[in-house]
Amino acid sequence: MASPSAGRTASGLVRVAIKPAILITMPHSHYAEKARWALDRVAIPYREEPHVPLFHRLATGRHGGGSVPVLVHGIERFVDSSDIVVHADAVCGGDLLYPQEPGLRREVEALEARFDDELGPHTRRWAYAQLLPETRLLRQAMSRGVPWLESSVLAVMMPLVLNLVRSRLRITPESAKRSLERVRGIFREVDERLGDGRRYLVGDRFTAADLTFAALAAPALFPAGYRAAYLALDEAPAAMREEVLRLRNTGAGRFALRLFSEERVGAS
Ligand SMILES: N[C@@H](CCC(=O)N[C@@H](CS)C(=O)NCC(=O)O)C(=O)O
(Lines give C-alpha, C1' and ligand atoms only; values in the text may rest on other atoms or scores of the structure.)
Protein backbone atom coordinates (compact mmCIF):
# COMPACT_ATOMS: atom_id res chain seq x y z
CA MET A 1 0.00 0.00 0.00
CA ALA A 2 1.02 3.62 -0.38
CA SER A 3 2.84 4.99 2.64
CA PRO A 4 0.62 7.28 4.67
CA SER A 5 2.02 10.53 6.04
CA ALA A 6 0.17 12.13 8.94
CA GLY A 7 -0.35 15.80 9.86
CA ARG A 8 -2.63 17.70 12.27
CA THR A 9 -5.32 20.08 11.09
CA ALA A 10 -6.09 23.36 12.94
CA SER A 11 -8.86 21.57 14.84
CA GLY A 12 -6.40 18.94 16.03
CA LEU A 13 -7.76 16.15 13.87
CA VAL A 14 -5.16 13.87 12.38
CA ARG A 15 -5.18 14.01 8.60
CA VAL A 16 -3.61 11.07 6.81
CA ALA A 17 -2.41 11.66 3.27
CA ILE A 18 -1.78 8.62 1.12
CA LYS A 19 1.13 9.40 -1.16
CA PRO A 20 0.52 8.23 -4.69
CA ALA A 21 2.89 5.66 -6.09
CA ILE A 22 5.46 6.85 -8.64
CA LEU A 23 5.77 5.19 -12.02
CA ILE A 24 9.11 5.95 -13.68
CA THR A 25 8.80 5.68 -17.45
CA MET A 26 10.03 6.72 -20.81
CA PRO A 27 6.86 8.16 -22.30
CA HIS A 28 7.03 6.13 -25.51
CA SER A 29 7.75 2.76 -23.85
CA HIS A 30 5.20 -0.01 -24.47
CA TYR A 31 6.38 -1.89 -21.35
CA ALA A 32 5.56 1.30 -19.41
CA GLU A 33 2.09 1.20 -21.01
CA LYS A 34 1.69 -2.35 -19.71
CA ALA A 35 2.40 -1.17 -16.15
CA ARG A 36 0.25 1.96 -16.54
CA TRP A 37 -2.68 -0.12 -17.77
CA ALA A 38 -2.44 -2.46 -14.75
CA LEU A 39 -2.33 0.45 -12.28
CA ASP A 40 -5.25 2.20 -14.02
CA ARG A 41 -7.20 -1.05 -14.11
CA VAL A 42 -7.05 -1.60 -10.36
CA ALA A 43 -7.23 2.14 -9.60
CA ILE A 44 -3.97 2.48 -7.67
CA PRO A 45 -3.26 6.24 -7.49
CA TYR A 46 0.10 7.03 -9.04
CA ARG A 47 2.06 9.87 -10.52
CA GLU A 48 4.03 9.25 -13.66
CA GLU A 49 7.63 10.44 -13.79
CA PRO A 50 8.67 10.34 -17.46
CA HIS A 51 12.27 10.66 -18.63
CA VAL A 52 14.07 10.82 -21.94
CA PRO A 53 16.37 7.92 -22.90
CA LEU A 54 19.67 7.79 -20.96
CA PHE A 55 18.30 10.11 -18.23
CA HIS A 56 15.89 7.28 -17.41
CA ARG A 57 18.83 5.30 -16.05
CA LEU A 58 19.56 7.96 -13.43
CA ALA A 59 15.97 7.73 -12.21
CA THR A 60 15.61 3.93 -12.28
CA GLY A 61 19.14 3.38 -10.92
CA ARG A 62 18.23 5.23 -7.73
CA HIS A 63 15.77 2.44 -7.01
CA GLY A 64 17.98 -0.47 -8.01
CA GLY A 65 16.48 -0.73 -11.50
CA GLY A 66 17.70 -0.33 -15.06
CA SER A 67 15.01 -0.37 -17.73
CA VAL A 68 11.63 1.31 -17.45
CA PRO A 69 9.07 0.95 -16.01
CA VAL A 70 9.94 1.10 -12.32
CA LEU A 71 7.25 1.49 -9.67
CA VAL A 72 7.96 3.07 -6.30
CA HIS A 73 5.09 2.33 -3.95
CA GLY A 74 5.63 3.29 -0.33
CA ILE A 75 8.73 1.44 0.80
CA GLU A 76 8.51 -1.07 -2.04
CA ARG A 77 10.18 -0.93 -5.48
CA PHE A 78 9.33 -2.96 -8.55
CA VAL A 79 11.81 -2.89 -11.42
CA ASP A 80 10.04 -5.02 -14.02
CA SER A 81 6.65 -4.57 -15.68
CA SER A 82 5.48 -8.08 -14.74
CA ASP A 83 6.31 -7.50 -11.09
CA ILE A 84 4.31 -4.26 -11.27
CA VAL A 85 1.29 -6.10 -12.68
CA VAL A 86 1.55 -8.80 -10.00
CA HIS A 87 1.82 -6.10 -7.33
CA ALA A 88 -1.18 -4.17 -8.71
CA ASP A 89 -3.25 -7.35 -8.59
CA ALA A 90 -2.09 -8.27 -5.08
CA VAL A 91 -2.72 -4.79 -3.63
CA CYS A 92 -6.34 -5.14 -4.67
CA GLY A 93 -6.76 -8.54 -3.09
CA GLY A 94 -5.80 -10.66 -6.10
CA ASP A 95 -7.89 -12.44 -8.71
CA LEU A 96 -8.31 -9.30 -10.82
CA LEU A 97 -5.47 -9.75 -13.32
CA TYR A 98 -4.31 -13.25 -12.34
CA PRO A 99 -6.97 -15.91 -11.70
CA GLN A 100 -6.76 -17.58 -8.33
CA GLU A 101 -7.30 -21.01 -9.84
CA PRO A 102 -3.70 -22.38 -10.14
CA GLY A 103 -4.05 -23.95 -13.61
CA LEU A 104 -5.48 -20.76 -15.13
CA ARG A 105 -2.89 -18.65 -13.36
CA ARG A 106 -0.06 -20.75 -14.80
CA GLU A 107 -1.57 -20.31 -18.27
CA VAL A 108 -1.76 -16.53 -17.82
CA GLU A 109 1.84 -16.36 -16.57
CA ALA A 110 3.14 -18.49 -19.45
CA LEU A 111 1.44 -16.28 -22.04
CA GLU A 112 2.60 -13.11 -20.32
CA ALA A 113 6.20 -14.37 -20.32
CA ARG A 114 5.97 -15.30 -23.99
CA PHE A 115 4.64 -11.84 -24.95
CA ASP A 116 7.27 -10.16 -22.75
CA ASP A 117 10.14 -12.14 -24.25
CA GLU A 118 9.03 -12.37 -27.86
CA LEU A 119 6.30 -9.91 -28.82
CA GLY A 120 7.57 -6.80 -26.98
CA PRO A 121 11.16 -6.87 -28.32
CA HIS A 122 10.02 -7.61 -31.88
CA THR A 123 7.28 -4.97 -32.17
CA ARG A 124 9.81 -2.52 -30.73
CA ARG A 125 12.59 -3.40 -33.15
CA TRP A 126 10.26 -3.37 -36.15
CA ALA A 127 8.64 -0.06 -35.16
CA TYR A 128 11.99 1.66 -34.49
CA ALA A 129 13.31 0.43 -37.83
CA GLN A 130 10.42 2.22 -39.54
CA LEU A 131 10.61 5.34 -37.41
CA LEU A 132 14.34 6.02 -37.01
CA PRO A 133 14.33 8.39 -40.02
CA GLU A 134 11.41 10.32 -38.45
CA THR A 135 13.64 12.16 -36.00
CA ARG A 136 11.25 15.01 -35.25
CA LEU A 137 8.29 12.74 -34.50
CA LEU A 138 10.37 10.39 -32.38
CA ARG A 139 11.81 13.28 -30.40
CA GLN A 140 8.30 14.63 -29.78
CA ALA A 141 7.17 11.24 -28.46
CA MET A 142 10.28 10.77 -26.31
CA SER A 143 9.88 14.25 -24.78
CA ARG A 144 6.22 14.14 -23.73
CA GLY A 145 5.92 15.34 -20.14
CA VAL A 146 9.64 15.04 -19.33
CA PRO A 147 11.53 17.72 -17.37
CA TRP A 148 12.36 20.77 -19.47
CA LEU A 149 16.12 20.28 -19.06
CA GLU A 150 15.94 16.71 -20.35
CA SER A 151 13.93 17.65 -23.42
CA SER A 152 16.44 20.43 -24.21
CA VAL A 153 19.35 18.03 -23.86
CA LEU A 154 17.54 15.45 -26.01
CA ALA A 155 17.24 18.01 -28.81
CA VAL A 156 21.04 18.02 -28.98
CA MET A 157 21.60 14.34 -28.20
CA MET A 158 19.03 12.93 -30.58
CA PRO A 159 21.58 11.63 -33.13
CA LEU A 160 23.49 9.86 -30.33
CA VAL A 161 20.28 8.38 -28.88
CA LEU A 162 19.16 7.09 -32.27
CA ASN A 163 22.59 5.53 -32.90
CA LEU A 164 22.42 3.84 -29.54
CA VAL A 165 18.92 2.53 -30.25
CA ARG A 166 20.11 1.20 -33.60
CA SER A 167 23.15 -0.56 -32.18
CA ARG A 168 21.64 -1.81 -28.87
CA LEU A 169 18.57 -3.24 -30.61
CA ARG A 170 20.70 -4.46 -33.54
CA ILE A 171 18.43 -2.81 -36.07
CA THR A 172 19.17 -3.56 -39.71
CA PRO A 173 16.76 -3.95 -42.65
CA GLU A 174 17.16 -7.75 -42.32
CA SER A 175 16.61 -7.89 -38.56
CA ALA A 176 13.56 -5.63 -38.91
CA LYS A 177 12.11 -8.04 -41.47
CA ARG A 178 12.77 -11.00 -39.18
CA SER A 179 11.13 -9.16 -36.28
CA LEU A 180 8.03 -8.50 -38.36
CA GLU A 181 7.88 -12.24 -39.12
CA ARG A 182 8.08 -13.00 -35.39
CA VAL A 183 5.26 -10.52 -34.70
CA ARG A 184 3.14 -12.14 -37.39
CA GLY A 185 3.92 -15.55 -35.88
CA ILE A 186 2.67 -14.48 -32.44
CA PHE A 187 -0.41 -12.94 -34.03
CA ARG A 188 -1.10 -16.30 -35.74
CA GLU A 189 -0.77 -18.12 -32.39
CA VAL A 190 -3.22 -15.67 -30.82
CA ASP A 191 -5.58 -16.06 -33.81
CA GLU A 192 -5.55 -19.82 -33.28
CA ARG A 193 -6.24 -19.48 -29.59
CA LEU A 194 -9.18 -17.19 -30.28
CA GLY A 195 -10.40 -19.54 -33.03
CA ASP A 196 -12.91 -21.27 -30.73
CA GLY A 197 -14.76 -17.97 -30.28
CA ARG A 198 -13.42 -17.15 -26.81
CA ARG A 199 -13.39 -13.46 -25.84
CA TYR A 200 -10.22 -13.57 -23.73
CA LEU A 201 -6.98 -15.51 -23.98
CA VAL A 202 -7.46 -17.44 -20.72
CA GLY A 203 -10.77 -18.27 -19.02
CA ASP A 204 -13.75 -16.06 -19.53
CA ARG A 205 -12.48 -12.68 -18.40
CA PHE A 206 -9.73 -10.11 -18.90
CA THR A 207 -6.37 -11.07 -17.39
CA ALA A 208 -2.71 -10.05 -17.41
CA ALA A 209 -2.28 -12.19 -20.56
CA ASP A 210 -4.73 -10.01 -22.53
CA LEU A 211 -3.28 -6.81 -21.10
CA THR A 212 0.29 -7.81 -21.95
CA PHE A 213 -0.61 -8.90 -25.47
CA ALA A 214 -2.44 -5.66 -26.27
CA ALA A 215 0.13 -3.33 -24.68
CA LEU A 216 3.12 -4.97 -26.34
CA ALA A 217 1.39 -5.29 -29.73
CA ALA A 218 0.46 -1.59 -29.67
CA PRO A 219 3.54 -0.19 -31.50
CA ALA A 220 2.46 -2.28 -34.51
CA LEU A 221 -1.25 -1.44 -34.25
CA PHE A 222 -1.48 2.25 -33.22
CA PRO A 223 -4.66 1.60 -31.17
CA ALA A 224 -6.94 4.44 -30.14
CA GLY A 225 -6.59 4.54 -26.37
CA TYR A 226 -2.86 3.72 -26.35
CA ARG A 227 -1.50 5.99 -23.64
CA ALA A 228 2.18 5.74 -24.46
CA ALA A 229 3.47 8.73 -26.40
CA TYR A 230 3.35 7.78 -30.07
CA LEU A 231 2.76 9.37 -33.42
CA ALA A 232 -0.58 9.27 -35.23
CA LEU A 233 -0.92 6.55 -37.84
CA ASP A 234 -1.24 9.08 -40.66
CA GLU A 235 2.17 10.52 -39.69
CA ALA A 236 3.85 7.12 -40.10
CA PRO A 237 5.79 6.25 -43.25
CA ALA A 238 3.57 4.68 -45.94
CA ALA A 239 5.15 1.19 -45.73
CA MET A 240 4.64 1.12 -41.95
CA ARG A 241 1.04 2.28 -42.30
CA GLU A 242 0.26 -0.48 -44.79
CA GLU A 243 1.70 -3.15 -42.50
CA VAL A 244 -0.19 -1.75 -39.50
CA LEU A 245 -3.44 -1.97 -41.49
CA ARG A 246 -2.63 -5.59 -42.43
CA LEU A 247 -1.95 -6.50 -38.79
CA ARG A 248 -5.08 -4.69 -37.64
CA ASN A 249 -7.06 -6.79 -40.06
CA THR A 250 -6.16 -10.10 -38.38
CA GLY A 251 -8.14 -11.80 -35.59
CA ALA A 252 -5.35 -10.96 -33.11
CA GLY A 253 -5.16 -7.36 -34.32
CA ARG A 254 -8.92 -6.87 -33.96
CA PHE A 255 -8.73 -8.52 -30.54
CA ALA A 256 -6.04 -6.11 -29.29
CA LEU A 257 -7.97 -3.10 -30.62
CA ARG A 258 -11.10 -4.34 -28.84
CA LEU A 259 -9.16 -4.71 -25.58
CA PHE A 260 -8.00 -1.10 -25.88
CA SER A 261 -11.52 0.15 -26.54
CA GLU A 262 -13.35 -2.00 -23.96
CA GLU A 263 -10.82 -2.81 -21.23
CA ARG A 264 -8.45 0.16 -21.11
CA VAL A 265 -10.47 1.77 -18.35
CA GLY A 266 -9.34 3.97 -15.48
CA ALA A 267 -7.49 7.23 -15.02
CA SER A 268 -5.88 8.77 -18.09
N1 LIG B 1 11.68 -6.86 -18.70
C2 LIG B 1 11.48 -5.43 -18.68
C3 LIG B 1 11.70 -4.87 -20.06
C4 LIG B 1 11.44 -3.39 -20.14
C5 LIG B 1 12.13 -2.72 -21.33
O6 LIG B 1 12.63 -3.40 -22.23
N7 LIG B 1 12.13 -1.36 -21.30
C8 LIG B 1 12.79 -0.59 -22.32
C9 LIG B 1 11.85 0.45 -22.88
S10 LIG B 1 10.52 -0.28 -23.81
C11 LIG B 1 13.97 0.15 -21.71
O12 LIG B 1 13.89 0.67 -20.62
N13 LIG B 1 15.09 0.19 -22.45
C14 LIG B 1 16.23 0.97 -22.07
C15 LIG B 1 17.06 0.32 -21.00
O16 LIG B 1 17.03 -0.93 -20.85
O17 LIG B 1 17.79 1.04 -20.33
C18 LIG B 1 10.07 -5.14 -18.18
O19 LIG B 1 9.16 -5.92 -18.50
O20 LIG B 1 9.88 -4.15 -17.46
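Let's start at alanine 43. It sits in the loop between H1 and strand E4, which covers 46-50. Look at its backbone. Phi of alanine 43 is near 60°. That is a positive value, in a residue other than glycine. Keep in mind that this is a predicted model.

Next, another loop. Proline 69 lies between H2 and strand E5, residues 70-73. Which form does the peptide bond from valine 68 to proline 69 take, and what is its omega? The bond is cis, with omega near 5°.

Val68 and Pro69 bring us to the ligand, since both belong to its surroundings. Who else is there? From the early part of the chain come Met26, Ser29, His30 and Tyr31. Then come His56, Arg57 and Ser67. Asp80, Ser81 and Arg124 complete the list. By class, this shell has 4 nonpolar, 5 polar and 3 charged residues. Two helices each supply at least two of the shell residues: H1, spanning 30-41, and H2, spanning 55-61.

Now zoom in on the polar atoms. Which distances separate side chains from ligand oxygens? Take histidine 56. One of its polar side-chain atoms is 2.7 Å from an oxygen atom of the ligand. For serine 81, an N or O atom of the side chain is 2.6 Å from a ligand oxygen. For arginine 124, a polar side-chain atom lies 3.0 Å from an oxygen atom of the ligand. How much of the ligand does the protein cover? On its own, the ligand has 510 Å² of accessible area, and the protein covers 75% of that.

Step back to the space itself. The ligand takes up the space of the largest pocket. The volume of that pocket is about 860 Å³. It is lined by 35 residues, and the closest to its centre are Met26, His28, Arg124, Tyr128 and Leu169. Met26 and Arg124 should sound familiar, as both also surround the ligand.

Which elements build the lining? Those giving two or more residues are H1, H2, H3 at 81-91, H4 at 102-131, H5 at 135-143 and H6 at 148-168. Which of them gives the most? H4 does, with 7 residues.

Last, the chemistry of the walls. The lining of the largest pocket holds 22 nonpolar, 7 polar and 6 charged residues. Set that beside the ligand shell, with its 4 nonpolar, 5 polar and 3 charged residues. Thanks, that's my tour.

Key:
Residues are numbered from 1 along each chain as its sequence is written. This is a predicted model: local features need pLDDT of at least 70, side-chain atom pairs count only at pLDDT 80 or more; totals for chains, interfaces and linings use all residues. Side-chain values use heavy atoms; hydrogens and water are left out. A residue is near a molecule or strand if one of its heavy atoms lies within 4 Å of it. A polar contact is a pair of N or O atoms within 3.5 Å; within protein, one must be able to donate a hydrogen and the other to accept it, and residues adjacent in sequence count only if both atoms are side-chain atoms. Accessible areas come from the Shrake-Rupley method with a 1.4 Å probe; for residues, only the protein chains shown count as cover. On a 1 Å grid over the protein atoms alone, a cavity is a set of points where a 1.4 Å probe fits but cannot get out, and a pocket is an open set with protein on both sides within 12 Å along at least five of seven lines; lining residues have an atom within 4 Å of a point. A molecule sits in a cavity or pocket if more than half of its atoms lie within 2 Å of its grid points. Helices (H or I, at least four residues) and strands (E, at least two) are DSSP runs, numbered from the N terminus. Ala, Val, Leu, Ile, Met, Phe, Trp, Tyr, Cys and Pro count as nonpolar, Asp, Glu, Lys and Arg as charged, and the others, Gly among them, as polar. Grid points are joined across faces, edges and corners, and a volume is the space filled by probe spheres set on the points.
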